[in-house]
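Trainee: Got a minute to go through a model with me? I'd like to know how the labels get assigned.

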Amino acid sequence: NTYKYDWSGFNQPRKPFEKFLSGDFDPLNAHEKNVIDLIKHKSGVYSVIATYDGAYPDVVPHEICHALFATDINYKKEVLAILKKADLSNLFKWLKKAGYHKSVWLDECHAYMSASSVFLNLEGIQFNAKISNQLRLIYRKYSKGIK
């Protein structure tokens with residue numbers, strides 16, 4: 001499994017953790033137990049975001065974008081309304097080449113344009129800066145108070 005070497009961050013909504021929380025995967029290894037201990041008293045809608053020390057500074061905001069997209073219907077509606085106005089063909093080509101499944105392309109486009117535009121520039125991937133700025137404003141509006 002090379003996942004942890006291929007990606008510098010990830011987020012996972014609550015649902016996949018439910019079987020761990022209910023004891024279906026007992027016994028847990030030490031790493032799994034640490035994660036479950038962190039979230040076992042959480043309730044409601046949430047996502048777990050993980051990264052490592054030394055990751056790119058945009059990793060956490062990028063993953064917060066995904067978490068908001070998955071958990072806040074108003075955020076998602078606003079993002080999709082902006083993305084409808086954009087030509088995303090360059091981003092779609094890159095995402096396909098990078099191995100992303102088509103089902104996550106809109107979510108990935110919004111996360112990269114909102115939080116990882118420096119990365120897109122470094123990779124030479126063309127995107128609409130005006131759309132990117134609009135997405136950043138939506139992110140700032142909804143991410144206030146996130147811990």
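Mentor: Sure, and keep in mind that this is a predicted model. Try this one: which helices and strands each supply at least two residues of the lining of the second largest pocket?

Trainee: That list runs α1 (3-6), β1 (9-13), α4 (59-71), α6 (89-98), α7 (105-115) and α8 (117-123). What makes α4 stand out there?

Mentor: The largest share of that lining comes from α4, with four residues. As for the space itself, the second largest pocket holds about 740 Å³. It has 27 lining residues, and the closest to its centre are Trp-7, His-62, Glu-63, Tyr-100 and Tyr-112.

Trainee: How does the lining divide into nonpolar, polar and charged?

Mentor: You get 14 nonpolar residues, eight polar and five charged. Tyr and Trp count as nonpolar under this scheme.

Trainee: On to the cysteines. How many disulfides does the structure hold?

Mentor: Zero. For Cys-65, the nearest cysteine sulfur belongs to Cys-109, 12 Å away.

Trainee: Why is Cys-109 not bonded to Cys-65?

Mentor: Set the value against the cut-off: a disulfide needs the sulfur atoms within 2.5 Å. The closest cysteine sulfur to that of Cys-109 is in Cys-65 at 12 Å, so the two are too far apart for a bond.

Trainee: And why is Cys-65 called buried?

Mentor: Buried means under 20% relative accessible area. Cys-65 has 0% relative accessibility, so it counts as buried. Cys-109 is also at 0%, and therefore counts as buried.

Methods. Residues numbered from 1 in each chain as written. Predicted model: local features only at pLDDT ≥ 70, side-chain atom pairs only at ≥ 80, totals over all residues. Heavy atoms only, no water. 1 Å grid on protein atoms, 1.4 Å probe; cavity = no way out; pocket = protein on both sides within 12 Å on 5 of 7 lines; lining within 4 Å. Points joined across faces, edges and corners; volume = space filled by probe spheres on them. Buried < 20%, exposed > 50% of the residue type's maximum accessible area, 1.4 Å probe, protein only.
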